[in-house]
Every structure is written in C-alpha cells, then in structure tokens.
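This briefing introduces a structure to a reader who has not met it before. Its topics are the sheet, the nonpolar cores and the cavities.

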Amino acid sequence: MLKDEKCAERNMLCLNCGNALSDKEKSEYCSKCLLNLEFKIKETDFDRIKDHLESILDSFGSDVRAAFQKDPAARSLVEVLTSYPGIHAVLLHRVAHFFWEIGLPFVPRFLSHISRQITGIEIHPGAEIGKDFFIDHGSGTVIGETAEVGDNVTIYQNVTLGGTSLNQEKRHPTVGNNVVIGAGAKLLGPIKIGDNVRIGSNSVVTKDVPSNSVVVGVPGKIVSRNGKKVPEIDLDHGDLPDPITDIIKKLIERVDELEEQVNSLKKEKEIEVKKSQKRKLES
C-alpha cells in the first residue's frame, strides 16, 4: 500500500486541499498550503470575534493603568508605551492569542517568537491572561501554552509558569486574581494558585496554594500571614517570612532549654554527691 494511502487511512489529511499529510507534517495543513499561505480559518462566531477584539482594547488600557499603579518609576504614558517590554509583550500576546483562538496556523507562534526577540519575554499564544496584568522588567519570563492567569497579577523577571508533562493536556499552572510572583520564581505543573497570594523570589512551587497565602523556599512552603488578607495591590514581595530560619530558631531555643535542664540536673547531682560524702565522713 502506498504511503499516501496509509496516511489517508489514518485521516491525516490537509484541512485545506485534502491531500494526505506525511509523517513529518504534524500540523493540520500540508507544507505546500502553508508555504503558499493557503489555509482556511475554522468556522467561528463573528460576534465572538468582535467581543474578542474589543477585549484586546479594553485589556490594553487596563494593562497600561496597571503599569502606573504598580511601578513608581512610570512617569509618563509615552515612556510606558515605548520603554516597557512587559507592556509590549502582553499586547503582542493578546493579538497572537486572538489568532490562536480562531485557529490561524503559524502566525500566532511567529508573533510570539517576534515578541520574545524584542522583549526577552516568552508567552505562548495559547496562554490565557486576564486584565490588569503587569510584567515588571520581565527578561527571562516564560509562560506556557496551557497556563491561565487571572486579573491583577504582577510578575517579575525570570518567572516561569512551566509544564511537567509531554502530553497534550493541561500541564501549566492556573494563577488566581491579585497575585504577586517574585523574581526568579518557578511554578511547575498543572497546579492551582488561589487569589491574594504572594510567591517569594526564587521559590519553586509544585503544589496547589490556597488563597490568602504566602509561599517561600525550595520547594515552596506555605506560610501563614496571621489570617490577614493580602491587599489588592501588594508589591512587598521582599518582606516575606523565612520558614527555615524560623525552624532553626526554634531548634536553638529548644537546645538552650535542654542545656538548662541538664545543668540543673548536674547541680542537683553534685549536691547529692556532696551530701553523701558528708554522711560517710560523719559516720
């Protein structure tokens, strides 16, 4: 049986021309149609497309406002629009995500690649990002395909929202609303981060985090904040408790207590020995 017939039997057909795809062609279109830019966009509700385009404009405005709210160095609109790589990366991502949603091949990933070249920030066009999203500095930040990010989220440089599976499934984190992720933090796997969470710099988080929590360390440990709710905009990600230091302090305190008890027992023993010797001498 010919190779094309085998491919056709497995339904590996180009969605545009109907020809059989080769084993190396993993997209929904053959290389000829892609090179000639001949492809069909999947059927989409035009009202949904219109809503999506409007949301891009709305989100762009909220993202720019977030830059002024969360970065005291932001001095003018022109400065933010021209000099903030985080703003550029998010805007390009929202356009790429729109093309991704309507099923346009090649273009979304190419826009993502261009964005990475310009800004140093890599956001897969499949990632879903809410409003008031701000990436400060941003160099080295990576957000994977199935990541979901809520509203009013702030990310610093070298943050990774990464996957831990080779399967085409949900494999990246879901981040709630009002979350701050410190520089260098790694969130790995299909974990869920609740609302009002702060994640300390260089933390490695591999498990779910409940709302109103602080996470620090490697691996990330949840630290109580005495029941106080995290403010809506809280950038104090450097003022975080250190659970390792707290444990060491408790161990030192316990050792001091034990030393006091040992010294007390030694003194009592010495007194008993002296009394015993005195009785022997008297007898």
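The points below are grouped by topic. The structure is a predicted model. It contains an open sheet of five strands, and a search of the whole structure finds two cavities of 30 Å³ or more.

**Sheet**
- The five strands of the open sheet follow the order 1-4-7-10-13, and their pairing is parallel.
- Strand 1 (122–123) and strand 13 (204–205) are at the edges with a single partner strand each, so one side of each has no neighbour in the sheet.
- Two bridges join strand 1 to strand 4 (residues 142–143) in the parallel sense.
- Glutamate 122 has valine 142, in strand 4, as its bridge partner.

**Nonpolar cores**
- The largest nonpolar core has 27 residues, of which Phe133, Ile143, Leu161, Ile181, Leu187, Ile193 and Ile199 touch the most other members.
- Leucine 161 has contacts that include Val142, Ile143, Ala147, Val149, Ile181 and Leu187, leaving aside residues up to four places away in sequence.
- A second, separate core is made up of eight residues, among them Ala67, Ala74, Val80 and Phe134.

**Largest cavity**
- The largest cavity holds about 50 Å³ of space.
- Its lining includes Ala89, Leu92, His93, Leu111, Ser112, Ile121 and His124.
- Helix 5 (85–101) and helix 6 (107–119) are the elements that give two or more residues to this lining.
- Helix 5 provides the largest share, four residues.
- By type, the lining residues of the largest cavity comprise seven nonpolar, four polar and no charged.

How values were computed:
Residues are numbered from 1 along each chain as its sequence is written. This is a predicted model: local features need pLDDT of at least 70, side-chain atom pairs count only at pLDDT 80 or more; totals for chains, interfaces and linings use all residues. Side-chain values use heavy atoms; hydrogens and water are left out. A nonpolar core is a set of buried Ala, Val, Leu, Ile, Met, Phe, Trp, Tyr and Cys residues joined through side-chain atoms within 4.5 Å. Buried means under 20% relative accessible area, exposed over 50%, partly exposed in between (1.4 Å probe, protein chains only). Contact means heavy atoms within 4.5 Å. On a 1 Å grid over the protein atoms alone, a cavity is a set of points where a 1.4 Å probe fits but cannot get out, and a pocket is an open set with protein on both sides within 12 Å along at least five of seven lines; lining residues have an atom within 4 Å of a point. Grid points are joined across faces, edges and corners, and a volume is the space filled by probe spheres set on the points. Ala, Val, Leu, Ile, Met, Phe, Trp, Tyr, Cys and Pro count as nonpolar, Asp, Glu, Lys and Arg as charged, and the others, Gly among them, as polar. Two strands pair if DSSP finds at least two bridges between them.
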